[in-house]
Structure formats: C-alpha cells, structure tokens
Amino acid sequence: MSLARKLFTVSGDNVELVRAQYAAFSKQIPLLYFILITNSLAICYAFHGVAPNYLSLYLPGALCLFCAARFVFWISHDAECVGDERALRLLQQANRLAIVLSFLFTAWALSLYHYGDAYARGQVAFYIAITVIGCIFCLMHVRSAALLVALVVNVPFILYFLLEDQANLRAMAVNIALVTVAMLAVLFAYYRDFSNLVESRKSLMHKQDETQRLSDENLRLANLDSLTELANRRNFFGALDEAFTAAKLSRRRLAIGVVDLDGFKPVNDTHGHLVGDRLLVEAARRMELCCEGVARLYRLGGDEFALIVAGDPSDRAIIDFGRRLIAVIRAPFYLGELDVRIGSSVGFAVFPDSADTPPRLYERADYALYYAKRHKRGEAILFSQEHEEQIRKYGVIELALNSADLESELSMVFQPIVDARTGRTLALEALARWTSPSLGEVSPANFIPVAERSGFIRRLTKVLLRKALAAANDWPEQVRLSFNLSAHDISAADGVLQIIDIIHRSGVDPRRIDFEITETTIAHDFDQACETIRALKALGVGISLDDFGAGYSSLSHVRNLPLDKIKIDRSFVVDITTNEISYNVVKALQSLSADIGVTCVAEGVERPEQVLALASIGCNIAQGYYFSRPIAEPEVAAYLLAGEREPGYRRAAE
Ligand code: C2E
Ligand code: CA
Ligand code: CA
C-alpha cells in the first residue's frame with residue numbers, strides 16, 4: 001500500500017524535491033497540452049464525417065478547449081512566485097488530472113476506432129502510442145503522473161489490441177508493451193537521478209550555508225573581545241576610519257576616547273586572574289550602559305578601552321560623558337566575597353580640533369590619557385592646544401636626548417632628607433640635571449618622562465647611578481644615598497643585573513642605598529617589579545615608595561612589597577596646615593607605617609608650620625625646600641660638614 005502511495009502520489013515530505021519538480025514540470029506542461037491538442041485535432045480531422053459528430057467534433061472539441069485553457073494557464077503562470085504549498089497542490093492536481101485526461105482521451109480514441117477503415121484505425125493506434133510517449137516524456141519530473149498516464153492509457157490500449165483478431169495489431173500491442181516497459185525503466189532511472197541531484201544540491205547548499213555561517217561567526221569573533229564580548233581593537237580601528245570619513249563628509253565633530261583602569265593590575269596580581277577577569281567584565285558592562293545612546297565602547301586590550309563618540313558632541317558634553325564613565329567605575333565592585341575599588345582615567349581627542357587623520361586622532365586621545373594618568377589621575381582630559389605644545393616640546397627634547405653626550409651633559413644634585421627633630425641629614429636624594437647644548441637646562445620633570453616614553457631611560461639611569469654613587473663615595477658612612485628608578489629600570493631582569501653591577505663597581509656599601517620607586521612604576525607589571533625589588537633587597541639596599549598618594553594609591557602595595565620607607569607626596573604636605581583631610585591622611589599613613597615598621601618621609605616641606613604639623617603627628621623625617629633645596633655635587637661636602645658642626649642647621653643651600 002505504501003509502495004503504491006509512493007509510486008502514484010506526489011509526496012510533500014521533501015520540500016526541495018517538490019520545488020525542483022515543480023520548476024521543471026511547469027516548463028514542460030504547456031508542451032504536453034500542445035502535443036495533446038495537435039495530435040487530437042489530427043484524429044478529428046481524419047474521422048470528421050466518418051464518425052458521429054459528438055465523437056469527431058463535440059467531445060474532442062470540449063477536451064481540446066479544456067487543454068487549451070490549461071495551456072494558457074501554464075504559459076502565463078510565473079513559477080518563481082509560487083510558494084511551496086501551492087506548488088505541491090498544483091503537482092497533486094496534475095496527478096489527478098493525468099488520470100482523468102488519460103482516461104477520457106483513451107476512451108475517446110478507442111470509441112472512434114471502429115468507425116474508421118484500416119488506415120484510420122492504424123492512425124488511432126499511432127495517435128495513442130505517440131501521444132502517450134510524448135506525454136510521459138513531458139511528465140518525467142512527476143513520476144507518479146507519468147506512471148499513471150502510462151498505466152491508464154497503455155493497459156486498456158494493449159488489452160484492446162491483444163483481443164483484436166489481427167496478428168499485426170497484436171504484434172503492435174506487444175511492441176507497445178515492450179516500449180512501455182523500456183520507457184518506464186528510463187523514467188525510473190531518470191527520476192532517481194533527478195531526486196539524487198536535488199538531494200546533493202540540497203546538501204551542497206546546506207554545506208554552503210554552514211560554511212557561510214562559520215565564516216560569519218569567524219568574522220564576528222575576529223572583531224569581538226572574547227572576555228567582555230565588546231568589539232575589539234581591530235574593530236575599533238575599522239570603525240574609527242568609517243566614523244572619521246562620515247564626520248568629514250557631514251562636517252561634524254567626532255570624539256574618540258581612550259579609557260584606562262587605575263588600580264586594575266594590583267587587583268589582578270593580588271586576587272588572581274579569575275577575579276581580574278570578572279572585574280573587567282563588570283567594568284565593561286557598566287561602561288557599556290553608560291555609553292548607551294552616546295558612544296560605542298571597544299576593548300583595546302588589557303584594562304584599556306576605547307570610545308567613539310559620534311553625533312557632533314561639544315567639548316562640555318565630552319567631558320561630562322567622561323566624568324560619568326569615571327564615576328561608574330569608581331563605585332565599588334562586589335565580586336563574590338570581595339569588595340574591590342578601582343578608578344579610571346580617560347583621554348579624549350576631537351576631530352577636527354585635535355587631528356586630521358584617524359591614527360593621529362587616536363594618538364592624541366592616547367596622549368590625553370597619558371597626561372591624565374601622569375598628572376590628573378581619575379579625570380577626563382580633552383586633548384588641547386597646550387598638549388599639542390607639549391608634544392612638540394617633548395619631540396624636541398627627545399631629539400636632543402638622542403644625540404646628547406650623557407656623560408658630560410648629565411649631572412646630579414642632591415637634596416637632603418633630614419630628621420626634623422635634630423636637623424641631621426640622614427640621606428641625600430639624587431636628582432638628575434641635564435644641560436643640553438641646544439636647549440639649555442632641561443627639568444627632569446620634562447626629560448625623565450620623555451626618556452621613559454622612548455625607552456631611553458635605562459641608558460640614562462646607568463649614567464646617573466654611576467655619578468650618584470661616585471659622589472656618595474665621598475660622604476660620611478652614615479649618610480645614605482636615595483636614588484630614583486623608573487618602570488623600565490625594574491621591568492626586566494637584565495636591567496637589574498646592570499644596576500647591581502654598577503653598585504658593586506662603585507665600592508659603595510649597598511646598605512647605604514635606598515631606591516625610590518613610584519606606584520606607577522610597579523603597577524606596570526607587579527610580579528616583575530616584586531622580583532626585581534627582592535633581587536635588589538637581597539643586596540642589602542632599602543626600598544622607598546615614592547610620591548605615595550599622588551596617583552592611584554593602593555594599600556595593598558604597602559602590604560605586599562618589602563618596603564623600608566614611604567614618601568608621602570608633596571600634595572598632602574602643601575596644605576597640611578589648612579586642609580583637614582590632608583592632615584588626617586598623613587596622620588593615618590604615619591600610624592600605618594609605624595605599625596608595619598616602615599619609615600614615613602614627608603616630601604616638599606617648605607614652611608615651619610608644616611614641620612610643626614608633621615611633628616604633632618609623629619612624622620619627623622622630611623625633605624623639602626625648608627630644609628634644603630637640591631645641592632650641586634661640589635657643595636654637598638661643605639653642606640654635610642656644616643651640618644655636623646651645627647646640628648640644628650637647616651637652610652644651608654638657600
Ligand atoms: P621626585 O622624585 O618626587 O623628586 C622630588 C622633586 O621635588 C624634585 O624635583 C625636587 O627638586 C622637588 N622638591 C623637593 N622639595 C621641594 C619643595 O619643598 N617644594 C617643591 N615645590 N618641590 C620640591 P626635580 O628635581 O625637578 O625632579 C622632578 C622629578 O623627576 C622627581 O620627582 C623624579 O620623579 C624625577 N627624577 C629626578 N631625578 C631623577 C632620576 O635620577 N631618575 C629618575 N628616574 N627620575 C628622576
Ligand atoms: Ca624621588
Ligand atoms: Ca617624590
């Protein structure tokens with residue numbers, strides 16, 4: 001039963017097959033009606049006047065009219081616009097029509113048969129045989145219909161002629177039977193190939209779809225940051241180019257921002273990368289919410305993010321937006337049992353004010369961020385004319401530094417670190433001075449950052465350390481040397497080896513040396529910094545945490561590093577007598593330092609009231625213009641001698 005259904009009905013199980021059958025069928029079916037009509041008309045012509053009119057005229061006329069209507073229907077039919085369901089219905093309808101029409105035409109032809117003479121009868125046999133072959137070929141793609149036509153026409157036809165008394169007619173019947181079998185064999189083979197073709201095309205299309213999907217997914221992933229699911233660096237630079245072109249064409253402003261999280265590295269180093277990852281994801285989510293409708297957020301890598309602010313934003317709007325971003329990051333993060341606090345700084349640059357190409361715009365925003373991190377941590381900075389001037393100045397400095405004769409152009413001055421109670425000099429901090437033949441005196445506040453940015457600092461440090469140690473060699477044993485190190489100096493093991501080598505060669509006892517490092521120095525790569533610091537400490541040197549509180553300060557540094565001194569940044573000392581917060585911060589730091597056995601040093605002491613305020617807290621070790629300005633090397637000996645002769649001596653170098 002199921003075999004019969006399979007053979008004689010059109011199944012809708014395979015949509016692709018139905019579609020393909022329909023496409024081929026709808027092209028051939030007009031041809032079928034054409035064959036049917038012309039062949040039938042030829043028979044009508046032969047039997048007109050011989051057979052009764054209802055057989056030679058009316059019945060075939062009606063049948064041909066119906067076929068003509070179907071012909072017109074299929075000719076004017078747009079197969080492309082037919083849905084799958086309708087295609088199936090039309091195929092099934094064709095299947096039913098095949099039975100009806102085959103029956104009617106065969107019955108008609110056979111009922112004419114007896115009216116004709118031998119020639120006319122031969123013509124009827126020829127008509128049926130040739131028409132059925134034509135129709136079967138036209139129905140090749142709808143196997144069931146072809147099969148039904150073959151059966152409905154040929155079975156009665158063959159039986160009819162087999163029962164005839166004439167040998168040649170019986171031979172013809174046998175002939176037709178064999179041809180029918182052969183034709184059906186061809187039909188089956190063709191139909192099998194056809195459905196296989198449809199099937200393989202289907203699987204090919206499926207594979208193509210899959211390949212397309214995979215390549216779309218690859219493209220998506222290539223442009224996505226896998227951790228935060230934000231668009232990534234590559235995506236950012238693509239989008240920047242597009243936004244830039246659009247802004248240029250529409251003559252609108254375009255701002256881009258670079259965001260850097262402050263204090264992320266210590267969290268990552270202290271609590272592990274899993275916590276670090278969760279922090280990044282949460283920070284990204286908060287920023288994204290904040291960016292809604294204003295900007296698009298990208299992750300450039302690490303804890304650095306970028307923003308594209310389109311839509312002609314004003315300077316005010318940009319800064320306000322930056323501040324909102326900073327505020328959402330400042331709010332505490334609750335990560336499981338941890339309560340983590342970090343900060344962020346943002347640098348913005350605007351087209352057309354700051355730059356005229358996308359790479360330059362990015363550079364400017366990056367510079368604004370660098371500026372924020374160095375001078376205004378936790379703030380949003382818009383690249384300005386002043387920065388432009390700085391970049392130019394830094395460019396000039398970099399050029400001069402590259403061609404400088406470091407040995408002769410660099411020198412060291414020394415600023416005392418004193419015990420305020422006795423006025424005794426405990427140590428001298430070495431501060432670099434550079435007299436450039438082309439630029440004159442250049443402040444270390446200018447050339448040290450340039451050297452740090454260009455990676456030149458390690459060469460500088462070697463020269464400076466040698467000079468500082470040579471000077472310290474002449475000082476009394478109890479006077480220590482304090483020397484500043486940069487991030488680059490401690491970020492690689494070979495740099496430290498060089499430092500150790502220089503110390504050994506100098507002949508200065510390492511226990512007389514303190515190295516000053518800032519928090520930004522260690523925040524760069526906490527693990528490496530720790531390793532370096534331990535290697536230095538193994539020599540016997542002391543470690544001071546410089547500018548504490550100036551930037552993003554973390555007590556975890558104080559806890560996790562083997563420190564000997566903490567130098568409280570000048571910004572707290574400046575207003576210690578007028579600002580209660582500063583006073584309390586210094587007080588808290590002093591007591592914390594005392595608790596963990598670290599010496600607290602106050603920097604930038606300029607006035608006697610500050611000394612008194614510090615003394616009331618118990619912070620007696622200090623440095624600043626009040627005690628002495630930095631002293632040129634040749635005068636150090638005299639200064640130290642004077643101090644020994646008169647212990648209360650303070651303002652020696654003024
Ligand atoms: P720093 O390490 O915080 O050095 C202290 C700076 O504050 C020095 O500026 C010093 O002259 C200044 N200063 C000291 N007392 C007072 C005061 O009472 N009031 C005011 N207003 N300023 C005071 P300087 O020499 O211009 O150095 C600036 C910065 O350059 C240093 O800050 C340090 O970060 C860097 N630097 C200087 N020499 C070196 C060096 O040899 N190597 C490295 N890596 N950095 C250095
Ligand atoms: Ca210092
Ligand atoms: Ca300092």
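User: Which residues lie nearest the centre of the second largest pocket, and how many residues line it?

Analyst: In this predicted model, the second largest pocket has a lining of 14 residues, and those nearest its centre are Lys6, Ser11, Leu17, Arg143 and Tyr191. As a general idea, rolling a probe the size of a water molecule over the atoms shows where empty space is left. Here the space in the second largest pocket comes to about 350 Å³.

User: Which helices each supply at least two residues of that lining, and what is its make-up by class?

Analyst: At least two lining residues come from each of α1 (2–8), α2 (15–47), α6 (143–162) and α7 (167–222), with α2 giving the most, namely three residues. Sorted by class, the lining of the second largest pocket holds six polar, five nonpolar and three charged residues.

User: Turning to the metal, which protein donors does the calcium ion (ligand 3) have?

Analyst: The protein donors of the calcium ion (ligand 3) are OD atoms of Asp546 and Asp547 together with two OE donors from Glu603, at 2.0 to 2.6 Å from the ion. Along the sequence, these donor residues follow the spacing D-D-x55-E.

User: Which residue coordinates both this ion and the calcium ion (ligand 2), and how far apart are the two ions?

Analyst: Asp546 coordinates both, and the calcium ion (ligand 3) lies 3.7 Å from the calcium ion (ligand 2).

User: Is Asp546 buried or exposed, and how is Asp547 classed?

Analyst: Asp546 has a relative accessible area of 5%, so Asp546 is buried, where the cut-off for buried is under 20%. Asp547, at 28% relative accessibility, counts as partly exposed.

Definitions and conventions. Residues are numbered from 1 along each chain as its sequence is written. Chains are lettered from A and ligands numbered from 1 in the order in which they are written. This is a predicted model: local features need pLDDT of at least 70, side-chain atom pairs count only at pLDDT 80 or more; totals for chains, interfaces and linings use all residues. Side-chain values use heavy atoms; hydrogens and water are left out. Donors are N, O and S atoms within 2.8 Å of the metal (3.2 Å for Na, K and Ca); water is not among the atoms, so sites may look incomplete. Buried means under 20% relative accessible area, exposed over 50%, partly exposed in between (1.4 Å probe, protein chains only). On a 1 Å grid over the protein atoms alone, a cavity is a set of points where a 1.4 Å probe fits but cannot get out, and a pocket is an open set with protein on both sides within 12 Å along at least five of seven lines; lining residues have an atom within 4 Å of a point. Grid points are joined across faces, edges and corners, and a volume is the space filled by probe spheres set on the points. Helices (H or I, at least four residues) and strands (E, at least two) are DSSP runs, numbered from the N terminus. Ala, Val, Leu, Ile, Met, Phe, Trp, Tyr, Cys and Pro count as nonpolar, Asp, Glu, Lys and Arg as charged, and the others, Gly among them, as polar.
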